[in-house]
Amino acid sequence: MSCQSPIVVALDFPTMEQSIEMAKRLDPNQCRVKVGKELFTTAGPVILDELHQLGFQIFLDLKFHDIPNTVAKAVTAASKAGVWMVNIHASGGRRMMESSANALQQLTDQKTLLIAVTVLTSMDQSDLAEIGIDATPEQHVKRLATLAKSSGMDGVVCSAQESKVLSADLGKDFVLVTPGIRPVGSDQGDQKRIMTPSEAMAAGSHYLVMGRPITQSIDPIAVLAKANADLGVML
Ligand SMILES: O=C(O)c1cc(=O)[nH]c(=O)n1[C@@H]1O[C@H](COP(=O)(O)O)[C@@H](O)[C@H]1O
């Protein structure tokens, strides 16, 4: 049975041992997990097998961005590894996204959600200006998300601050995955566009990615349980 909670815990750890130790404290009925660049680079694909054996659905967050052929092959490999969700950069453009979506459609036995990253939640308008983008984060997210939808993506990664407008414009079935989630009182860190879990869900987010507020807290299980309870998740 698939997990009822929208929370995806980012296992951003420097070693396989630390990530497995954290995963064993978590419960696959209470969250999904995310494997990102740090952990995957250290541990390799075996981390996916280990987490699957513990019963978790996995978001493989490697944010692929390359020529269409290369990215299509990479998402195919991810899907064959059985991950629940994988992401690529929307700024790679239509052909990159379409070739990836087409490649996954060729696979009959596995449905992996294919999600496009729009504007990183660590960026604000001044960061966009510096890389030559003369738009607000919301304008640029809307533009990339619209392109992602028409290129066959299942959804996008954005900040929860954009969830309301994307949900209205692109429909409630277009999956919105939102990092930059900060419960009241938690440290913002390097994130710029943040929201609390309840606000994010009310805005239309489907999945909430939470790393440090859970994994670096004194009692990760308590923080996760409180977030689920605040969201009214029946476990
Ligand atoms: O694709 C992502 O998961 C992602 C996209 C984005 O725009 N912002 C973002 O923070 N992330 C990831 O989400 C996680 C957020 O972690 P915390 O800031 O510790 O909650 C990290 O693993 C990031 O790599």
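Which strand does β1 (residues 7-10) join, and through how many bridges? Strand β8 (residues 207-210) is the partner, and three bridges link the two. Notes on this predicted model follow.

1. **Barrel closure.** Strands β1 and β8 run parallel. At this seam, V8 stands opposite V209 of β8. The β1-β8 pairing belongs to a closed barrel of eight strands, ordered β1-β2-β3-β4-β5-β6-β7-β8. Pairing in the barrel is parallel. From one strand to the next, the twist averages 25 degrees.

2. **β6 to β7.** Strand β6 (residues 155-157) pairs with strand β7 (residues 175-178). The sense is parallel, and there are three bridges. One residue pair to look at is V157 and V177: V177, in β7, is the bridge partner of V157. Helix α8 (residues 163-170) completes a β-α-β unit with β6 and β7. That unit is right-handed.

3. **β7 to β8.** Here the parallel pairing rests on two bridges. V177 turns up again, standing opposite Y207 of β8. Helix α9 (residues 197-203) forms a β-α-β unit with β7 and β8. This unit, too, is right-handed.

4. **Nonpolar core.** The largest nonpolar core holds 65 residues. Within this core, V9, V33, V75 and V156 have the most contacts. Which strand gives the most to the core? Strand β5 (residues 113-117) does, with five residues.

5. **Around V156.** Set aside the neighbours of V156 within four places in sequence. The residues in contact with V156 are then A90, I115, A116, T118, A145, A148 and L176. V156 is also among the residues with the most contacts inside the largest nonpolar core.

6. **Overall make-up.** The protein chain has 11 helices and eight strands. Its radius of gyration is 17 Å, close to the 18 Å from the globule rule for 235 residues, so the chain is as compact as a globular protein of that length. The C-alpha trace spans about 40 × 40 × 30 Å along its principal axes.

7. **Burial and contact range.** Of the 235 residues in the protein chain, 43% are buried. What share of contacts between residues at least 6 apart in sequence join residues at least 24 apart? The figure is 69%.

Notes. Residues are numbered from 1 along each chain as its sequence is written. This is a predicted model: local features need pLDDT of at least 70, side-chain atom pairs count only at pLDDT 80 or more; totals for chains, interfaces and linings use all residues. Two strands pair if DSSP finds at least two bridges between them. Helices (H or I, at least four residues) and strands (E, at least two) are DSSP runs, numbered from the N terminus. Axes are lines fitted to C-alpha atoms, for helices over the stretch in contact, and angles run from 0 to 180 degrees between N-to-C directions. A nonpolar core is a set of buried Ala, Val, Leu, Ile, Met, Phe, Trp, Tyr and Cys residues joined through C-beta atoms within 7 Å. A residue is buried if 20 or more other C-beta atoms lie within 10 Å of its own, exposed if 12 or fewer, and partly exposed in between; C-beta atoms are placed from the backbone. Two residues are in contact if their C-beta atoms, placed from the backbone, lie within 7 Å. The radius of gyration is taken over C-alpha atoms; the globule rule is 2.2 Å times the number of residues to the power 0.38. A crossover is right-handed if, with the strands pointing away from the viewer, the path from the first strand over the helix to the second runs clockwise.
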